[in-house]
Amino acid sequence: MQIDNLKVVTLDYTLKDDAGTVLDSTEGRGDFAYLHGARNIIPGLENALNGKSVGDSLQVHITPADAYGEKNEELVHTVPRDMFETDTEIQVGMQFHAQSTSGQMMVVTVVEVSADEITVDGNHPLAGVPLNFDVKVVDVRDATAEEIAHGHVHAGGCGHQH
């Protein structure tokens, strides 16, 4: 069976940046399954997997435009420290939920801390980063009606509660 829309695809993969640093991998965690065509994975990888079959292996280089987008400097803001209502010491790398100027909830990452101000970045951590995948297709199957209705894979095919 070939990979096509509304198929459940199971992969083994290793993700690296252009310097060869491993950013993510299924090694030691088990296979990764997703619903093809439901925007469960980045577009560049999904497009590269179209038409592949069980046992196929491929290496895919994905530009930021087909992954998490280019870094948008308008999403980097410096705010007064007192905007953070927490007893915890704010440190670089911490993530918080915030509301955008348009009212949408977003995750921001602390990128700089000073005595009076904190700089946060609302970009995805991999925005602007070219990605390199080593992928092996482990399984391809038809999605269940429930998986199609929910837009994602259900572990073990037995469904789950939402």
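The following exchange concerns the pockets, one sheet and one residue of a predicted model.

Colleague: Why is Val113 called partly exposed?

Modeller: The relative accessible area of Val113 is 31%. Buried means under 20% and exposed means over 50%, with partly exposed in between. Val113 is therefore partly exposed at 31%.

Colleague: What makes Ile90 a contact of Val113?

Modeller: Contact means heavy atoms within 4.5 Å. Leaving aside neighbours within four places in sequence, Val113 is in contact with Arg81, Ile90, Gln91 and Val92. Ile90 therefore has a heavy atom within 4.5 Å of one in Val113. The C-alpha atoms of Val113 and Ile90 are separated by 7.4 Å, and the two residues lie 23 residues apart along the chain. Val113 itself is found in strand 7.

Colleague: How do you know that strand 5 and strand 8 pair?

Modeller: Two strands pair if there are at least two bridges between them. Strand 5 and strand 8 (residues 117–121) have five bridges in the antiparallel sense, so the criterion of at least two is met. Within this pairing, Thr78 stands opposite Thr119 in strand 8.

Colleague: What makes strand 5 and strand 6 the edge strands of the open sheet?

Modeller: The open sheet has four strands in the order 5-8-7-6, with antiparallel pairing. Strand 5 and strand 6 each pair on one side only, and they are the edge strands. From one strand to the next, the twist averages 45°.

Colleague: Which strand gives the most to the lining of the largest pocket?

Modeller: Strand 6 does, with four residues. Strand 5 (76–80), strand 6 (95–99) and strand 7 (105–113) each supply at least two residues of that lining. The pocket holds about 400 Å³ of space and is lined by 16 residues, with His77, Ala98, Gln99, Val108 and Val120 nearest its centre.

Colleague: How do the residues of that lining divide by class?

Modeller: The lining of the largest pocket has nine nonpolar residues, six polar and one charged. Val and Ala count as nonpolar, so Ala98, Val108 and Val120 belong to the nonpolar class.

Colleague: What lines the second largest pocket?

Modeller: Fourteen residues line the second largest pocket, and Tyr13, Ile41, Leu45, Tyr68 and Phe133 are the closest to its centre. Tyr, Ile, Leu and Phe count as nonpolar, so these five are nonpolar. The whole lining has eleven nonpolar, one polar and two charged residues. Strand 1 (7–16) and strand 9 (131–142) each supply at least two residues, and strand 1 gives the most, with three. About 210 Å³ of space lies in this pocket.

Notes: Residues are numbered from 1 along each chain as its sequence is written. This is a predicted model: local features need pLDDT of at least 70, side-chain atom pairs count only at pLDDT 80 or more; totals for chains, interfaces and linings use all residues. Side-chain values use heavy atoms; hydrogens and water are left out. On a 1 Å grid over the protein atoms alone, a cavity is a set of points where a 1.4 Å probe fits but cannot get out, and a pocket is an open set with protein on both sides within 12 Å along at least five of seven lines; lining residues have an atom within 4 Å of a point. Grid points are joined across faces, edges and corners, and a volume is the space filled by probe spheres set on the points. Axes are lines fitted to C-alpha atoms, for helices over the stretch in contact, and angles run from 0 to 180 degrees between N-to-C directions. Buried means under 20% relative accessible area, exposed over 50%, partly exposed in between (1.4 Å probe, protein chains only).
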